[in-house]
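Q: I'm new to looking at protein structures. Could you walk me through how to read one?

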Amino acid sequence: MEQFNYSLININSFDLLIGLGLILIVVGLSRWQNLMLEGELIVGAIRTLIQLIAIGYVLKYIFSLDNWYLILSFIALMIIVASITVTRRQKKQTKELPYLIGIAITAGSGVSILVATQIILQIEPWYEPYYLIPLAGMVIGNSMNAATLAVERIDSEIKNKRTEIEAYLALGATSKKAASSCMKAAMRAAMIPTINSMMVVGIVSLPGMMTGQILSGTSPIIAVKYQIIIMYMIAFSVAVSSLILTTLRFRRYFTRNHQLIEEAFE
Amino acid sequence: MKITKIELINICKVKNERTILKNVNLKIIGGKRYIFFGPSGSGKTTLLRLINRMDDPTSGEILIDGHNITELPILNLRKKIGLVFQIPVIFNGTVKDNLMAPYDIGAINSPPNDAELKHVLKLSGLNNNFLIRKASELSIGEKQRVNIARMLLNKPDVLLLDEPTSALDNSSATRLLESIMELSKVNGLTIIMVTHQLEYARLLGGQIIDIQDGAIINEQL
Ligand SMILES: Nc1ncnc2c1ncn2[C@@H]1O[C@H](COP(=O)(O)OP(=O)(O)OP(=O)(O)O)[C@@H](O)[C@H]1O
Ligand SMILES: [Mg+2]
């Protein structure tokens, strides 16, 4: 990668403590203003510290691997954790839901990661973890949030529009037709945050990954190009994941004979 | 081919461990009028919903012209046996938008032209001015008629009407019943109408099927 005439400044433990000092000031602020957020702030700050240092060592270890199946396993683990996280966030957690989410995220992020690493960047070797892992993390994380929105929305839409859906069924509609407005609403809900962030990126916010690349010495022009590709990857993955997920999820409300399943509404 | 006979044989329906229908046996003859008559909670809606397969019975079978209902293509069955719900369901938009629904969902192949729209409105007792009205602003009785008109676009043989008069005052109920009569007499539709008001049952004429506690207790002419 093209480097500036720039040498990266390391951060030592003492520097981290100075950073922590900022949090302590916020804790004081919270106490002064009676926000009652002191406990959460301290726990949050400590979790940030521990979780990130831990993942730092994990990543260091993974980046040192020259072993494609361990690297792919790590990505699979990310998808599994994402699927469980989305499931936990739902009011109605069915047994098959984590699998549906897993399928949807794998399909959406898988294709966009393949295109980015194998066709655009053409990384060598094909599993080069320095590229593969951060890209996968970005795409899977965003798809996870989209999946959460998609499931929440399809469930609430179908419940709210039950009588309308039945009226369509009685007219001779398939269950897919009868629920199509619900599926559209769910897909839109899942995609709109991504579209909004494409609208304002660089104006209102500098994406974390781009900022990180610049801080570590990459030319802003290169960092920006990476960011563009990442935004497109995310948009693709979010769209495909939410399409697959809503299509799989709506089925649980209907029999094969286009009848509503009463139990699914309880 | 027009539906000429519907047979319900030993129908039972259990929901959430509650027996709602017990051993219902009934024969419906094409072109005639029937009234499901009985108190609230007796199982009239539950029974009606089995006839167009919104639900399936827990046991027993339904034969349409001798064929088991489960073996018939369901989307076509629901077009042939049109169910109009107890509480009318209105989709977004104008009355015309509502009447386009059967086409929009693919139940009918070509969009109905203005003449057809006016025809079904007239059959349901509404005039042409309603086409451009916003459907959500209609009275309940008018919504009920829009629901019937929408169902008629599917050209059903059988119309299942779940208490179409429940929200109407006496005179609008009478007018609606007259429209339904006409559908039966002029267009030869089989009518099965739910009501718990004897006067309306009498007004429609036809066979009264007395339902109590999920069982048919008596059929009278
Ligand atoms: N999902 C369900 N679980 C348990 N019981 C149910 C369920 N759905 C309906 N029931 C019960 O079944 C009985 C029959 O209901 P149904 O709606 O068929 O009555 P109805 O004759 O149409 O009454 P109404 O005149 O008030 O419309 C009622 O006692 C009702 O409480
Ligand atoms: Mg009822």
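Q: Is Gln86(B) buried, partly exposed or exposed?
A: First, keep in mind that this is a predicted model. Buried means under 20% relative accessible area and exposed means over 50%. Gln86(B) has a relative accessible area of 32%, so it counts as partly exposed. Thr45(B), at 28%, is partly exposed too.

Q: Which protein atoms are donors of the magnesium ion (ligand 2)?
A: Those two residues again: OG1 of Thr45(B) and OE1 of Gln86(B), lying 1.9 to 2.5 Å from the ion. Thr45(B) sits in helix 1 of chain B and Gln86(B) in the loop between strand 6 and helix 3 of chain B, so the pair ties together parts 41 residues apart in sequence.

Q: How do I find empty space, and what lines the largest cavity here?
A: Rolling a probe the size of a water molecule over the atoms shows where empty space is left. Here the count is 1 cavity of 30 Å³ or more, and the largest holds about 50 Å³ of space. Its lining includes Ala167(A) and Leu171(A) from chain A, and Phe85(B) and Met151(B) from chain B. Helix 5 of chain B gives the most, with 3 residues. By class, the lining has 7 nonpolar, 1 polar and 1 charged residues.

Q: What span should helix 2 of chain A have?
A: Count 1.5 Å a residue: its 26 residues should span 38 Å, and the end C-alpha atoms are 37 Å apart, which agrees.

Q: Which residues of that helix are buried?
A: Glu38(A), Ala45(A) and Ile62(A) are. What covers the buried residues includes helix 1, helix 3 and helix 5 of chain A.

Notes: Residues are numbered from 1 along each chain as its sequence is written. Chains are lettered from A and ligands numbered from 1 in the order in which they are written. This is a predicted model: local features need pLDDT of at least 70, side-chain atom pairs count only at pLDDT 80 or more; totals for chains, interfaces and linings use all residues. Side-chain values use heavy atoms; hydrogens and water are left out. Helices (H or I, at least four residues) and strands (E, at least two) are DSSP runs, numbered from the N terminus. The expected span of a helix is 1.5 Å times one less than its number of residues. Buried means under 20% relative accessible area, exposed over 50%, partly exposed in between (1.4 Å probe, protein chains only). Contact means heavy atoms within 4.5 Å. On a 1 Å grid over the protein atoms alone, a cavity is a set of points where a 1.4 Å probe fits but cannot get out, and a pocket is an open set with protein on both sides within 12 Å along at least five of seven lines; lining residues have an atom within 4 Å of a point. Grid points are joined across faces, edges and corners, and a volume is the space filled by probe spheres set on the points. Ala, Val, Leu, Ile, Met, Phe, Trp, Tyr, Cys and Pro count as nonpolar, Asp, Glu, Lys and Arg as charged, and the others, Gly among them, as polar. Donors are N, O and S atoms within 2.8 Å of the metal (3.2 Å for Na, K and Ca); water is not among the atoms, so sites may look incomplete.
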